[in-house]
Every structure is written in C-alpha cells, then in structure tokens.
Amino acid sequence: MRLLRCTGLVIVLLAGPLLAPTAHAASPGPAVVQGENWQIRPVDGGYQVTLLLDKPLPVRDALPMLAVDGVPVGVARQSPDGRTLSLLSTDKTVLDARKVELLWPGQATARQHKIAGENTDEDWANAPQGPPLPVDPGAAGKYAVRTAEYNLGDEAVYLPGLERRAEVIGKVYAPQGAPGARPLVIFLHGRHEVCYGGTRILGIKAWPCAADEKPIPSYRGYDGPAQALASHGYQVVSISANAVNASDARAFDYGAQARAELILHHLDLWKTWSTVGGGPFGRQYVGKVDLNNVGLMGHSRGGEGVARAAVLNADRGGQYGIRAVLPLAPTDFARATVPGVAMSVILPYCDGDVADLQGQKFFDDTRNSITGDAAPRSTVTILGTNHNFFNTEWTPGQSEAPSNDDWSDTSPGPCNPQSPSRLTAIEQQAAGTAYVAGFFRLQLGHETSLLPLLDGTNSHPKSAGKAIVRVVSQAPAATRQDVQPFDQALPAGAVTGPASATVCAGTQQTEALAACVTTDEPSNSPHWVAAAFATQAQTTAVTKLTWTGRTGVVRIDVPAPQRDVRKYAALSFRATPDPAGAPKTDLTVRVVDGRGRSASVPVSAVSDALLRMPGSPGAGLPKNLLRTVRIPTASLTAVDLRDIRAIELRTDLVDSGTVFISDLAFATPSLGKSGPANLPKLSAASVKGAVQEGDAGTQTFDVAVQLSRPSIRPVTVHAESIGQIVKTAADLTFTPGQTRKNLQLTVTGNPRDGFDKSYVSIVLSAPKEAQLGDSFGNVKVLDDDPTPVLTIGSATATENAGTLSFPLTLSAPSDIFAYTSGLLVDGTATLRQDYAVPGDTGTNPPDRFVYGFVAPGQTTGELQLNLVDDKTPEPTESFTLNLTEVVGATLNQPTPLTGTITDDD
C-alpha cells in the first residue's frame, strides 16, 4: 500500500500493520454488501467489515468499535493513516446490514434496554463517605521539593515493541535533605495528542513534531501526586511517551510492550545516575535512589504499560525492585496479570474515554491467579471523576495545549459537568493525589496508618473532599482465609427454599456458563465485557443468586481447619444487584457457630453494595460493579469466633430479587510481601523475520506456547489469535512436567494489494500459576502485490443535474479502500453559490475538504459534489480540485483537476 501526499506529487511509502492483512482475504463473492462508505464481504474465517472515515480518528485511549445497524460487532483495527476501520466477524447476519458506523465504549446502541426500576442518583448524592482517615496522604510533608527536567532527545532510544525510536524526557521531583537512598516512583501518562499548533490538523500527528508545532507536555500533568510524594521523601520521575502515542496504532499490542520498554530504559538510566553518576545530573543523585523499592503509576494506556513493565522486569530476572503498581483509568486489552506485586486500580466512574472501566480486570484476573500470593490489591472507584482531569495537561484552563472534558454526554445525570455529583477538575485532582500518594506511601514506605485507605472500609482522606469513593480489597494470602469464591457450582443442598444459585460469566451465554447480564450495553459491566485481544476468554465467574420468597437460604459450611477466625478482622464478600432486577435490594448475612448460636447482619446495615450504581441507561451508565460487603468480626459478639461452622445468605428482607456474589473470605488488612515474582513464565514464540504473503495457497506456521520451567501445579492460560484470519482460541493446561504446546496460524495468499505490513498473532491472556513472558507470538506478513494505479477523470455536468462527479478508476482490485482527498478552490464557480460539499448545511464556514474512494474488490468509484441550480442564465463556470492525498494507490497524472458546470437556463 502506498500513501501519496500530493504537494507537487511527492510520494511517501508508508509501512503500517494491523488492518486486514491482504494475505488473509478471500475473493469478494456475490454476498458483498456495501453502503456509501462501508463494505462487508466474505473472507477466510468470516466476514470483513470495513468503514472508511471522512477524517482520521480522534486520539483516544479506548479502541474504536464498529456497529452494524446500531449493534456493536467488535473492536476494529485502524489503518496506518487513521482513515479506515476493519474487523472480522463470524456472524453471517452482518450481510443484512443497512448501515455500518463507528462506535466508542459507553455510547448508546440499538439494543433493547433491560434495566429495571428507577435510577439511584438521589441515593448516591446522599451516600456516606466512610469514616475519616486519621492521616491525609494528600497533605504536604516535611521536605521541600526541587524539580528539574532531563531531555536526551526526541529519538534517543530504540523501542523494539514499537519498531522505532522514542524520546527520553522526564521531570524529576526530589525531596531536599532526605537522608539515604529514597524510594523511586515512575509516572507514565496515557495516549493523547502529541503535538499542537502548526498546519496539520487531522488525526494523530507524527513524532517528532514539525517545525511549526510544539510537543504536548503530558508528562508535566501530575504535579499534585508527585509533589505530595516527594515532600514525604520519595523520588518521583514523570516520563514522556509521545513517540509511543504517535505510533502505537501500528504496534501489534497497541503499545503496551513499548511503554514497558521505555519505563525500564529510564530505570536503567537511573541505575547509572544513582550509582556512578553522569548524564544531565552529574553526581547529584549518587546514593539518593533506592532501585530496590520502586513504584509505577500509569494513566490510561500508561496503566497497561506499567503492568507490563512489572511483568517484563520479573521476566528479566527482577533487576529492579518493582513492589507497587497503580494503573489509573487503565486500558487492559490483553487480560494481563501482575502476580506478586501490590496493585491498586483507580476507576473513574465518569470515564468518557475508557468508558467500560476495563481496568477492573487487572484486579479480577490477578486476585486468584497464583497460590499463596503475598501481595495486596484493591480497586478504587471514584464517583464524579472523568478520564482526563487527573492530568492537568489534559484539563481545560490548566493545560498548555487545547484539551477537553472526555465525558461528552450532556443529558442530566451524575456525570454531567453541571451535576453536583460531578467533581470539578481541582476536586478530582485532589482526590487522585490522595489515593495515588497514599498507595505508594503505604506499599513503599510501609506507613500502616494508611491501611484503612485501601482495605475496603472506605475510610476517607480529608483532601479527597466531597468525593464518594468505594474500595474493594483483597488482603495478602497470609492474612486471608478464602471460604467460598462463588466461581463454581455450590455443593448439593447448599441452596434451600425459594432460591437458586447459578454460576455465570460474561454478557453472552456459552456452552460452559450462562451470561451474567443481558443488558443492552456490555460496556456497563466491567467484570464481564470482553477484552479486545481475548474476546473468547471467560471473564470473571460469579454466582447469580435469585429468590422469589423470604425463606431462601444459601449455606456455606466452613471446613474444620478454618473454623477459628479470631485472627481475622472482618468477614467480607463482593456483591452487586442484577440490572434486570430491582435497583435496591437486601440480604441477611447469618454467621453460625458450633453451638448453633448465630449473629445476623443485614447487608444494607454495613454496605451499599446492593444499591445499583448511579446513572440512567444510554451513556454507559449505570455500571454493574461488584462492591464490598464487610462485617467486622468484632461485631459478631453473639457467636464463638473460635468455632464458626457456617455462613448463610438469607432472603428474609425482600420478597424477590437477583444479585451477584463473589469472594467470601475472612481477612485482616496487611502490607503483605511484594516484589518481582519468581514464577514459571509463559511465552508465545514469534516467527523470525517476515513472510511474503504470496499470490495463492496457504502457509501454516506453528506458534509454540512454552513454559520456562516445569511447574509443580497445573498452569493454565488462554490463547487466542488476532488478525483477520480464521479464529483460533484455546484454554491451554500444562500439567506438572509439561512445558510446550503448539498452536497454528494460517496465512492465505492472493494477488491483490493491501497494507504493506501486517501481523497475525497468538495472544496469551489470564494465566494461572504462572506469569506472562512474551505474551504475543507474531507472524509478520509482507504484502508482495503491486500497488494499483488510480486514474481520476474530468468532471462536467449541467447545473440541474444535482451532482457532479470526478470518476475514479483503479487499474486492479485491491483489498483495501483506495481513496483520494483534496481541497476545492473557486474559479468562476463559487462554493455554495454554484457547487457544495455533500453534507454542508451552510451554517458554518464553508468546508472545502472532499474525498472519494474505490471500495475493496472493485475498480471504480467517484468523488462527488453537489450542484446548486440557481435558475439564472450564466456562462459555463469552473473550479479546481487540488489533491492533497492519495492512499492505497499510485497516481500518474497531472494535478490539479478541473470541474466544469454548464448552465441549463
């Protein structure tokens, strides 16, 4: 595929992966359906759905989706120029499509709503904050803070995960006068525009910035938590990742590996600067940085980057003591886990970018992924907070470059900027500072007075202000006794009376499990929405408890070795109401001892977990999030804590209802032990070099999934292919002693042009009893077909014809959209008086940008304009079309082009 930018017809080759590799497409058949700017056609493995956009995608952290007739059909791949979206669907009904359009997570769809009852906005507006936290982690400490920056160049390091060079830039926050080596915390921002100003206005801009542009300093946007931590004795470095943001749409994993490599490169630099000195700081930091006590915070795609960095560090032998990871509003495209490392995931309830709160899966997938995990983890859901405002450089009124509120829905509700439930930018940043600084002070500084911040008691720091926050916590294995995870069928006889308990997962029924929710919006259910790279992987399994009377009982018997619970601070589980049921419901928790005595506690007396989250359907709300029900064991005075025989959930408070329950355990909050895990590593082997697609036939490649060493326990991992090929998905189990399994990828050749470079991959997700090494096994496929030639004919029409079209002819069919765009220049014909751009309403300044295309598999198309029939006699008039871009073809004719309008009066 070639991309031409027509300024004197300078031709630039663009090698970009990730959209439909031409190697995998079948010849278009009679079942091809298409509209004005979209096409659906049969290919190997299903049906390729392709949409051509009139302008490049906005820069967001979430991945774009495609909807067919208003119903989402999956996450789409973006072309290198950002103008084409494509995906492979196995659903034959897409051939009945009338419309294909872009969809983002959280946007309303055409599916029928099945949410029952009224919204709970008023309940949440008056919700309690939790007991005050004695220590305010957002308050300044005793040390003055000195800041400095280092800039080693815009292309100072090569990142293999990006296949290009990136900048090495960071802002340092150092505590003045703090003795000895200080803990180091690295901050990494997320995906955002990289440059501003200048003349390039569409889509993600190239890196480095052009001469008339300035880089957007996203790395400077976390002064609040950085200053708070540094004032308490922590060395903080916030690093820039603009090069990754500019190129990650072309990376096989959307940049997670590259972001991890960038973090570890900065740690390599700090190892040198803190031991032998040199670089920009001389000997200033020698002996001042403790690289055995490191924390990582990553925002958005940076959240996935820091999670990957912690695992990559462990894979490289644990060269740095990464002991704490905080993904902030993160993406989680591949269902990665971070075993052995303390983790807290911050979820902004009004996230308008990563609107499905997919970062919840970091907690869900890691929490029971290895036996005896010594690290604590938590989720922190902050109501009234959006995605962008945690970074001041992404906040209007604070940022150097233009910025916006990512929550775009203006309908009434808790996330509307005018709602009293919505936090201002300053309030949101203060709350973020409290939880970011508090987490690292707890895990790196071992300040146990901060345990209540993240133990599920919802203790409230003063600097978080009016924020309503709900915390879910899993204590380390050493101070936790799991009673019933509720992820498998309960024993016979455990459920009695007018009640039933069914294990469920996901938003669609499978052969193995029922769906948990069947509401219209999967993105409303962060536990159960499918991940981009693991669409077939089972999501979090829970028990769905349904009752139709007040005598239903779920009884969980406690095994004899676990009956003495005196050393545990609380009994807890996670719960949330079914969106198809009542918005408010209740249960009684009854604890029974060996002498038959009992203590009963209504869930509503200790938690609002059975109150639906706020918001009305239509804008990604309300979220279905499991929340903490926590009963202090000290309150169970009526029973003998040395001999607890059973825990019951009773339906005696409400006539009928449906709730989801998970993770019943006794626990005591503790710091645990955190650090790089020494586990067997799962890797998928990539095929070395690149393969030519060929003009016909198939090539089959074995991708080995290997375990670095035998395990004494069974190891499981989900493996799934990505790329537009026949889907391969498997749940692999390595029995003790096994270390290798093989999966196959097949590449089919054809003689049609496509994108120059593409990947097909096996992706490993959600491992148990192991950690991920190389989680992507890639086959790089090079298109070897000639680029077709585009010919554009002249355009002449009478003014009463309604339209004027420049005919487009392609020398051979292609597997991708071949399109051209340009700007209109008036001659004797005047825009809006004699001709107009389609869709121009006449209310805004004239739009002179136009484009036309030839659809995949075809050889003709057009670039069309509307004509104005003015009924006034006039001479023949003309205008000029200056081409600015040709994509998917070469052009060998002179430009500009002329459009001619003849009078009919």
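**A nine-stranded sheet and its helices**

User: Which helix lies across E11, E14, E15, E18, E19 and E20, and at about what angle does that helix run to E19?

Analyst: In this predicted model, local features need pLDDT of at least 70 and side-chain atom pairs count only at pLDDT 80 or more, while totals for chains, interfaces and linings use all residues. Residues are numbered from 1 along each chain as its sequence is written, and side-chain values use heavy atoms, with hydrogens and water left out. Helices (H or I, at least four residues) and strands (E, at least two) are DSSP runs numbered from the N terminus, and angles run from 0 to 180 degrees between N-to-C directions of axes, lines fitted to C-alpha atoms, for helices over the stretch in contact (heavy atoms within 4.5 Å). The helix is H4 (residues 256–275), and its angle to E19 is about 150°.

User: Which strands are the edge strands of the sheet?

Analyst: The open, mixed sheet has the order E11-E14-E18-E15-E19-E20-E21-E22-E23. Two strands pair if DSSP finds at least two bridges between them. Pairing on one side only are E11 (145–151) and E23 (469–474).

User: Which residue in E23 stands opposite Val380?

Analyst: Strand E22 spans residues 377–382 and pairs with E23 in the antiparallel sense over six bridges. Opposite Val380 stands Val471.

User: How far apart are the axes of H2 and H7?

Analyst: H2 (residues 223–230) and H7 (residues 425–443) pack at an angle of about 35°. Residues of the contact include Ala228 of H2 and Phe440 of H7. The axes are apart by 9 Å.
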